[in-house]
Amino acid sequence: MSTSLLDIAGLNVDLGGASVVRDLSLNVKAGEFVGLIGPNGAGKSTLLRAIAGLVPIGGTVSVAGDRLEGLKAAERALRLAYVPQEHEIAWPVPVETLVALGRTPHRSNFALLSTRDRQVVADAMARMDVARFAKRPATALSGGEKARVLIARALAQDTPLILADEPAAGLDPAYQIALMRVFRDLAGEGRGVIASMHDLGLSARWCTRLVLLNGGKIVADGSPEEVLTPETLHAIYGVSGFFGVADGGLVVQPLDLVERR
Amino acid sequence: MMASRGYWLLIGGLAVVTVVLFVLSLALGPAGIAFGESLSALFSGDGGPIVLIMQEIRLPRAILGLMTGATLGLSGAVLQGLLRNPLAEPGLIGISSSASLGAVLAIYTGLSAAFPLGLPLAALAGALIAVLVVQVLAGSGGVLTVILAGVAVSSFASAMTSLALNLSPNPFAALEIMFWMLGSLADRSMTHVWLATPFILAGWLMLASLGRALDALTLGADAAASMGVDLNRTRRFAILGTALSVGAATAVAGAIGFVGLVIPHLLRPLTGGLPSRLLPASALGGASMILAADILVRFVAPGRDLKLGVLTAIVGAPFFLWLVWKSRRDLL
């Protein structure tokens, strides 16, 4: 359970002349559900996009021991799946077909879906509770339903590492918790999950590890109890917070704005 | 995956319609040759007038109709998938207007009169120059840059075409340019077929290989890239494949609008939305539409030489209005 899934060393990302991620190093092991937290503009999305190979980078990113630059796009797609923040669905494709798009890297160009493909797609739909509307066009779904379908698509990619940009946004509390459970289970199966999040309460209760970004750098990294303290909340977010323990887990609720130290 | 049966029925149905229209296109014409006689003349070796009409006039016309229509339908479906925009069509990225400009310049300079293949070759050259310019302008930017570069190239080509009309040496040249631009399959020879076929087939191969990549693009560029799609290669293939096939089709048939826009639209709901399923359907649908339109122009106004491009626009534009009307609610 301690295989290294992701190794980032000296990562730099420049976007439009601005340095968004600076000399960042991070190591994620199999079995970890990492919550990527930090204020707006901290570089969370850019870090995820850099790991997914979607932006030019400096430094090295290795997935399961293989350097990212050395991998073809199709090989990379077998190692990591990525759920973008935007819920983009261009055509009225049935949900089932859309989730099956996650099998793309596993199939040769004109091959039909194999029995295994169908099984993985069915499992992914069941996990995200979207099997009920398998035949409906995905464009006709509500925002939260679309979000779940798109996560199911990434699960169908069946990769050791899963990256999700704000996956919980737009979900009701029940589905937020269900999603957190899915990610915890995936981690328990020996995969790695990295999800950027704004909901500190959710990340405190469900992530096995939190990485707090600010200004493109990691400012805290560790268990939720280590990362989420009154001091970091104050210094990084400029808010005060309520901290407690309920049902054996950390409870964090931001309360009010305070002057940043 | 699902509704597979319905999908194959659709493809089979479209294929049958295309074949029937192809045969009708061979069998129907002003010469009034009996059906059986006309078809047997296709394979006859003697040099009688019926054999000549069939092999030298109707056969190239039907083949070009089939290829032009399939090209427009296929490339329209590919471009809509690539740009994730239901308004995309081959004209949008400047290919048709640049091919037209090449042809117009050939007429204007007298090249087409001096050398029979001058016009189609000039049109092809126009299309290929357009694709180079669009590629260079768009660089590795996103979808929007491709559209903007296409619009720029397209406007420039139209302006130059207008200039050629404006400065045309005599009214006959202007008339010839105008008529050519309306698009037609009349009076084409097997030479045109041989000239266009290699380019069209090469373009088809490039476009047809993109199905899976376009499917992934349904979820946006980032998601597609994370699923292993090489975005730059996909875009290069789509644009070059369109330039080759549409350029060659325009070179022999003139600019025929609306087919590339309307056919993918019409068939998308019937194919379940995925681009890879739309491509073959749209190619067959485009072929059917052009073959049908080309049969119609022979009968709607016989002797008046009604142009194919005029007919497709007359049918296409109201359809487009209906489309806007229907999708109004979604756009609000």
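# A guided tour of chains A and B

Start with chain A and select strand β1 (residues 4–15) and strand β4 (residues 58–63): they pair in the antiparallel sense over five bridges. Two strands count as paired if DSSP finds at least two bridges between them, and helices (H or I, at least four residues) and strands (E, at least two) are DSSP runs, numbered from the N terminus. This is a predicted model, in which local features need pLDDT of at least 70, side-chain atom pairs count only at pLDDT 80 or more, and totals for chains, interfaces and linings use all residues. Residues are numbered from 1 along each chain as its sequence is written, while chains are lettered from A and ligands numbered from 1 in the order in which they are written.

**First stop: the four-stranded sheet**

Click on Leu6(A), and you will find Val63(A) of β4(A) opposite. Now add the neighbours: β2-β1-β4-β5 of chain A is the order of an open sheet of four strands, with antiparallel pairing. Its edges are β2 (18–29) and β5 (66–67) of chain A, each pairing on one side only.

**Second stop: the six-stranded sheet**

Stay in chain A and select β6-β7-β8-β3-β9-β10, the order of six strands in an open sheet with mixed pairing. The edge strands here are β6 and β10 of chain A, since each pairs on one side only. From one strand to the next, the twist averages 15°; such angles run from 0 to 180 degrees between N-to-C directions, with axes fitted as lines to C-alpha atoms (for helices, over the stretch in contact).

At one edge, β6(A) pairs in the parallel sense with strand β7 (residues 161–165) of chain A, over four bridges. Highlight Val83(A) and look for Ala164(A), its bridge partner in β7(A).

At the other edge, strand β9 (residues 209–214) and strand β10 (residues 217–222) of chain A pair in the antiparallel sense over five bridges. Leu210(A) stands opposite Gly222(A) in β10(A). Two residues lie between the strands of this hairpin, where Gly215(A) takes a positive phi near 55°.

**Third stop: where the chains meet**

Show both chains: 29 residues of chain A are in contact with 21 residues of chain B. Contact means that the C-beta atoms of two residues, placed from the backbone, lie within 7 Å. On the chain A side, α2 (73–79), β6 (80–83) and α3 (95–100) each supply at least two residues, and α2(A) gives the largest share, four residues.

**Fourth stop: a helix in chain B**

Select helix α7 (residues 143–166) of chain B: its 24 residues reach 35 Å from first C-alpha to last, close to the 34 Å expected at 1.5 Å a residue. That expected span is 1.5 Å times one less than the number of residues. Among the buried residues of α7(B) are Val146(B), Ala149(B) and Gly150(B). A residue is buried if 20 or more other C-beta atoms lie within 10 Å of its own, exposed if 12 or fewer, and partly exposed in between, with C-beta atoms placed from the backbone. The cover over the buried residues includes α3 (49–83), α4 (95–109), α6 (118–138) and α12 (231–253) of chain B.

**Last stop: Ile95(B)**

Pick Ile95(B), found in helix α4 of chain B. Ile95(B) is buried because 34 other C-beta atoms lie within 10 Å. Thr242(B) is 147 residues away from Ile95(B) in sequence, yet the two are 7.7 Å apart in space, C-alpha to C-alpha.
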